[in-house]
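Work through the exercises below with the sequence and the model at hand. Each task is followed by a stepwise solution.

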Amino acid sequence: MNQLREKELSKNLEYLREQIERESDEITLPGSLTAKSLFEKMGEPLAPEDLVSAPAPKPASRRSIYLNFAVCAACFGIMFLGYWAVTRAVTGANITDRQSSAAQDISMVAGAPAPMMAAAAQAQDAENAAADDYTALYDSIVELQEANGIVFRLDGAVSKESGPKVNAALTGGSADMEMAAPAAPQANAGASGGYGVYQTNAQIAGIDESDIVKTDGTYLYQYRFDSETGGAEIAIVGATNLKKLSSIPLAEYTSAELYLNGNQLVLVQEAANASAEALAGQLGEPIENYITRKSEHQSSSNVERAVPDEIIEPDYAPAVFYPMTEAVIYDVSDHANPKEVRRLTQDGQYVSSRLYEDVLYLVTNKGVYSDLTAPDAKVNQMVPMVAESGEAKLLAAGDILIPPYTTRPDYAVVTAMDLKNQTSTTKAVLGMVDEVMMSAENLYLTSNQYSSGTPKTGVVRFSVKGTAVGYEASALLDGTIDGQFALDEHEGYLRVATTSRKNGATQNNVYVLDGALQTVGALENLAPGERIYSVRYLGDTGYVVTFRETDPLFVIDLSNPKEPKAVGQLKIPGFSEYLHPIDEKTLIGFGANTVATRDGGVVQDGLKLSLFDVSDPQNPKETSNLLLGNMGSTSPALDTHKAFLYYPEKKLIGFPATIYTTKGASSADPWSGERELTFSGYLVVKVEDGRFAVAGSLPGDETSEDGFERFDYDTVIERGLYIGDTLYTVSSAKLTAWSLDDYSKIGELQY
């Protein structure tokens, strides 16, 4: 099969050479797109002037950004689409699904500075025109495995091998490409907005994030896990009478998250092992059947391989490991009888997701756990897959991107799934993913990368419009980020806050990037010796909290993207793990209080709420604070913003908390004294006249002191939500309704 394709490729290249040279005589083309230049780019290294925002290239046979066989078809595209299409591509037309109806795929001539549209391969054999070429992908992963020094195998063994360091892959895109300012996000079509109906605390207004509980103002939808039985369910409960109307059992799953989209309930969960293995088994052919040439790395069954110096068989390595994630859609128009209507499964462990205008954007991470040079290596170990209705398929090579900074042999897999029209699109990026941030028009993926032992952050931007997902640009920044809130998009620019190391010490930075993810402005060396704990952006202003001994809140002026600058600073004890804006002049900070020890150190000592007045950017002030408990006090809101509630109409803050109080400790030694559990439940705090006041303390379990312990996962309160004048606290064991007038208990559902 490979010999036949190579023979056909040779014939087609000769035919293309004649046609392109003929067309070149009749059409005035840029120098980089003459026949001679195009064929040089197919098989020879590029000259520096041929690159746009790309590192030094490797030979074209080693990489292409989109890994298609469609190089030939791309050349036909130049002839059929004409000079207009070529010029548009050179100036940075998006690498998306914006093809003509005749286009077979989107590809990149190896190393070329811009994408080319591939027209129908009218003069080619249909099978060859549609064939995918995974060779460059295979080579990339093998090099990454060698560079990382560890090759994971499905038999549970790990071999340590040395190999060459990975050279950067080539990437396209134009430095002149600009990102349009995003449209203002509209309210999610499935959410019930208006006064007094809770919506999940999300980073961007109108772009929903998944959580374990949702409400439409009439019903509550809760994912709950029972640690005693090991089972799980989705409970659908009437909000007024707290009557359980129905249950969707999920016996095998230990974690899941929900969306509500009108009468559709969306469950995002880990796929059952048996289901994942069955789907992967549909695509268990040898890798060598899917590449167009025998790679220099690939071993043959009759070639003896070198024995690694050391074989490790870790206890945690399973015999077969096919983690997959499912998005399951239920019709809940009849709340007593929910019905499954669609199920999509994609490769990898769940990372994050978003819901915007009826489209679910699902992001997973697929690791490559196999030694791809082994004779029995399977294609499902190398290429991500997606499945619907029990039928699995590999992602086309043209849907997989290799960014220039890839240092990790794993993928970000992204599916855009239209919940109304039953359509979907899936793309993947090699070397990803750790965090996700989404605006109305763009999806940003980030990953921790390492260059010469230095921590970096890789960023990839995809344009999103419905199910159309297109790669636009990538970047590599110094340092690492602290969660999704480190990123924000505003008026066509992406702002990213990182903590990096320089000369052995930490420093903090804020970078401003344009639509091509080129850095146009940078504020560096902020708070040397400290690291970032929280970030929030409001329009042209950024707020960055760093910490080592005190809590500096920095106000960053971003009104001039090319010259970001720190204009104000406030230092107070403690640090904020999360910043929540009340309005343009007021921020809430939630984190930990800190105290100094007699030996000059600093330790955490309880929870802390701070109220910041930022009306004067040059002089931010803490107008109020609330200290809660001592050492050991904690809250889920320290780890996820979804557990933090702000009810704007009533100016109420809410969060689950466990409070420990230390008795008999000296001020110089917080570790001394005796620690006692004094509260575990849900706290409600009023914000009024620039001050905090505790409004209600709602216990998680009134009958058992042991139930206060947060190690009892059934009784611990995980979330709070509101509908009008009622606050609901949520745990796996029960739902409780409380009056927001006097915080008395209204009703309770014991599961």
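**Exercise 1.** What percentage of the 751 residues of the protein chain count as buried?

Solution. The model is predicted, so local features need pLDDT of at least 70, side-chain atom pairs count only at pLDDT 80 or more, and totals for chains, interfaces and linings use all residues. Residues are numbered from 1 along each chain as its sequence is written, and side-chain values use heavy atoms, without hydrogens and water. Buried means under 20% relative accessible area (1.4 Å probe, protein chains only). By that cut-off, 58% of the residues are buried.

**Exercise 2.** Classify the ring pair of Tyr-533 and Phe-547, and place both residues in the fold.

Solution. Rings of Phe, Tyr and Trp (its six-membered ring) pair if their centres lie within 6.5 Å; planes under 30 degrees apart are stacked, over 60 edge-to-face, and the rest tilted. There are 11 aromatic pairs by this rule. For Tyr-533 and Phe-547 the centres are 5.6 Å apart and the planes at 85 degrees, an edge-to-face pair. Tyr-533 belongs to strand E29 (residues 531-538) and Phe-547 to strand E30 (residues 541-547), 14 residues apart; strands are DSSP runs of at least two residues (E), numbered from the N terminus. Tyr-533 is buried at 12% relative accessible area, and Phe-547 is buried at 10%.

**Exercise 3.** Which class does the pair of Phe-547 and Phe-575 fall into?

Solution. The centres of Phe-547 and Phe-575 are 4.7 Å apart and the planes stand at 50 degrees, so the pair is tilted. Phe-575 lies in strand E33 (residues 575-583), 28 residues from Phe-547. Both Phe-547 and Phe-575 are buried.

Note on methods
Buried < 20%, exposed > 50% of the residue type's maximum accessible area, 1.4 Å probe, protein only. Helix = DSSP H or I, 4+ residues; strand = E, 2+ residues; numbered from the N terminus.
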